[in-house]
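Biologist: Hi! Could you walk me through this model while I have it open on my screen?

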Amino acid sequence: MTETIFKNARKNALTLVAFAAVFTLLMVFVYQITKTPIEKSEAEARMALFAQIIPPELYDNDVLKDAIIIAPNTLLGNKQPTFANRARLGGQPQAIILEAIAPDGYSGDIKLLIAIKHDSTISGVRVLSHKETPGLGDYIEIAKNNWIKLFDGESLTQTGETDWKVKKDGGKFDYMAGATITPRAVVKAVRKALQYFEANKDTLFAEGKKK
């Protein structure tokens, strides 16, 4: 009786092991066949976003692969390492795309993608994600409003420090009535990103680790 129970238990255990092995192999197979399409789709989406903030004629390198790791920095608001993508034309640096976070949005972090040309002017800014109040804070999205284009061509030289504020605070940037906190946070984050760029310009464009 005991021997029969032992044999049945062993048989059931082997069956479970076999099922686990088959399931694992199936998951590995599914992962392998979906990995490439997913990565390709993500790369295409990323490049489409890059095209909004850097003119394609400005570079001839693989911007996705020409990337360096950016350590956490208070000026960028990133608490984790991020990637910065570099645009080059004929081997010469043209622009860099930085990820920055405005931590003081109305409902939390506002994640930004900021392209800065080698001459220290902004090529473009886009909002990657936010949790601002629908109808008020979401006008910072390019799909809903052109407000974010106010930063195109801006620089620390063109606009003095006291003007890097919304008009309500004595600065030059427009804002939506009743929604001051959101644009105030974005303006502040963009200015800090420019400050980071100026302080690290040589390092950012130096040959380094490629993604």
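**Layout of the chain**

Modeller: Happy to. Starting from the N terminus, the elements of the protein chain follow the order α-β-β-β-β-β-α. That makes two helices and five strands. Keep in mind that this is a predicted model.

Biologist: Noted. How much of the protein chain counts as buried?

Modeller: The protein chain has 211 residues, and 36% of them count as buried. As for the outside, about 12300 Å² is exposed, with carbon and sulfur atoms supplying 58% of that.

Biologist: And what share of the contacts comes from residues 24 or more positions apart?

Modeller: Taking contacts with a separation of 6 or more, 50% are between residues at least 24 positions apart.

Biologist: Okay, on to the sheet. In what order do the strands sit?

Modeller: The order is S1-S2-S3-S4-S5, in an open sheet with antiparallel pairing. S1 and S5 are the edge strands and have a single partner strand each, so one side of each has no neighbour in the sheet. From one strand to the next, the twist averages 25°.

Biologist: I'm looking at S2. How many of its residues are buried?

Modeller: Six of the eight, so to speak of S2 as mostly covered is fair. On one flank, S1 and S2 pair in the antiparallel sense over four bridges. One bridge there links Ile-68 to Ala-84 in S2.

Biologist: What about the pairing with S3?

Modeller: S2, residues 82-89, pairs with S3 over five bridges, again in the antiparallel sense. Arg-86 has Ile-96 of S3 as its bridge partner, and Leu-89 is bridged to Gln-92 in S3. The two strands form a hairpin with two residues between them, and in the turn Gly-90 has a positive phi of about 60°.

Biologist: Where does H2 go relative to all this?

Modeller: H2 lies across S1, S2, S3, S4 and S5, and runs at about 145° to S3.

Biologist: Let's talk packing. How many residues are in the largest nonpolar core?

Modeller: That core has 35 residues, and Phe-151, Val-186 and Val-190 have the most contacts inside it. At least two residues each come from S1 (67-70), S3 (92-105), S4 (108-117), S5 (122-129) and H2 (181-205). H2 gives the largest share, eleven residues.

Biologist: Which residues does Phe-151 touch?

Modeller: Leaving out residues up to four places away in sequence, Phe-151 touches Ile-122, Val-125, Trp-164, Phe-173, Val-186, Val-187 and Val-190. There is also another core, lying apart from the largest one, with 13 residues including Leu-49, Phe-50, Ile-54 and Leu-113.

Biologist: Back to H2 for a second. Is Leu-194 buried or exposed?

Modeller: Leu-194 lies in helix H2. Its relative accessibility is 1%, so Leu-194 counts as buried. Beyond the neighbours within four places in sequence, Leu-194 is in contact with Ile-116, Ser-120, Ile-122, Ser-155, Leu-156 and Trp-164.

Biologist: How far is Leu-194 from Ile-114?

Modeller: The C-alpha to C-alpha distance between Leu-194 and Ile-114 is 9.1 Å, while in sequence they are 80 residues apart.

Biologist: You listed Ser-120 among those contacts. Where is the place of Ser-120?

Modeller: Ser-120 is in the loop between S4 and S5. With a relative accessibility of 12%, Ser-120 counts as buried. Its backbone deserves a look too: Ser-120 has a positive phi of about 80° although it is not a glycine.

Biologist: Why flag that?

Modeller: Because most residues other than glycine have a negative phi.

Biologist: Fair enough! Last one: what about Asn-78?

Modeller: Asn-78 is placed in the loop between S1 and S2. At 5% relative accessibility, Asn-78 counts as buried as well. The Asn-78 side chain reaches the backbone oxygen of Gln-80 at 3.3 Å.

Biologist: And which residues does Asn-78 touch?

Modeller: Not counting residues up to four places away in sequence, Asn-78 touches Ile-70, Ala-71, Pro-72, Asn-73 and Ile-101.

Biologist: Great, thanks for the tour!

Terms used. Residues are numbered from 1 along each chain as its sequence is written. This is a predicted model: local features need pLDDT of at least 70, side-chain atom pairs count only at pLDDT 80 or more; totals for chains, interfaces and linings use all residues. Side-chain values use heavy atoms; hydrogens and water are left out. A nonpolar core is a set of buried Ala, Val, Leu, Ile, Met, Phe, Trp, Tyr and Cys residues joined through side-chain atoms within 4.5 Å. Buried means under 20% relative accessible area, exposed over 50%, partly exposed in between (1.4 Å probe, protein chains only). Contact means heavy atoms within 4.5 Å. Two strands pair if DSSP finds at least two bridges between them. Axes are lines fitted to C-alpha atoms, for helices over the stretch in contact, and angles run from 0 to 180 degrees between N-to-C directions. A polar contact is a pair of N or O atoms within 3.5 Å; within protein, one must be able to donate a hydrogen and the other to accept it, and residues adjacent in sequence count only if both atoms are side-chain atoms. Accessible areas come from the Shrake-Rupley method with a 1.4 Å probe; for residues, only the protein chains shown count as cover.
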